[in-house]
Amino acid sequence: MFTAQEPEGIGPDKYDETASAMIAQLKYGSGVPFSRLEQMEELLGIPLPAATQWEVVEDAAELMKPDPL
């Protein structure tokens with residue numbers, strides 16, 4: 001068994017910020033339900049369940065929350 005080396009510039013995060021932003025934009029900006037996104041991504045060969053999409057968007061939203069006063 002061989003393990004490939006990671007390419008340079010790969011960070012520790014599983015999902016890139018652009019993926020989080022795109023999922024959130026499609027869901028909340030365009031009104032596409034997570035279940036429909038899941039079906040579309042499956043057609044593209046991307047196994048990303050609706051529940052995982054929610055977690056990705058929730059984690060990204062944590063970064064944008066204002067600090068409590």
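**View 1. Overall dimensions of the predicted model.** For 69 residues, a compact globule would come out with a radius of gyration near 11 Å, but this protein has 15 Å. This is a predicted model, and its C-alpha atoms take up a box of roughly 50 × 35 × 15 Å along the principal axes. Going along the sequence, you read α-α-α: three helices and zero strands.

**View 2. Surface and charge.** The accessible surface adds up to about 6,100 Å², with 59% of that belonging to carbon and sulfur atoms. Buried residues account for just 17% of the 69. On the charge side, there are 4 positive and 13 negative side chains, and the centres of the two sets sit 11 Å apart.

**View 3. Tyr28 against Phe34.** Two aromatic pairs turn up in a search of the whole structure. Here Tyr28 and Phe34 meet edge-to-face, 6.5 Å centre to centre with 90° between the planes. Tyr28 counts as exposed because its relative accessibility is 52%, and the cut-off for exposed is over 50%. Phe34, by contrast, is buried at 12% relative accessible area.

**View 4. Phe34 against Trp54.** Phe34 also pairs edge-to-face with Trp54, at 6.4 Å between centres and 65° between planes. This pair ties together distant parts of the chain: Phe34 belongs to helix 2 (residues 34-43) and Trp54 to helix 3 (residues 50-64), 20 residues apart. Trp54 is partly exposed, with a relative accessible area of 41%.

**View 5. The ring cluster and longer-range contacts.** Ring pairs join Tyr28, Phe34 and Trp54 into a cluster. Across the protein, take the contacts between residues at least 6 apart in sequence: 37% of them join residues at least 24 apart.

How values were computed
Residues numbered from 1 in each chain as written. Predicted model: local features only at pLDDT ≥ 70, side-chain atom pairs only at ≥ 80, totals over all residues. Heavy atoms only, no water. Helix = DSSP H or I, 4+ residues; strand = E, 2+ residues; numbered from the N terminus. Rg over C-alpha atoms; globule rule 2.2 N^0.38 Å. Buried < 20%, exposed > 50% of the residue type's maximum accessible area, 1.4 Å probe, protein only. Contact = heavy atoms within 4.5 Å. Areas by Shrake-Rupley, 256 points an atom, 1.4 Å probe, with all protein chains shown as cover. Lys, Arg positive; Asp, Glu negative; His and termini not counted. Charge placed at Lys NZ, Arg CZ, Asp CG, Glu CD. Phe/Tyr/Trp six-rings, centres within 6.5 Å; stacked < 30°, edge-to-face > 60°.
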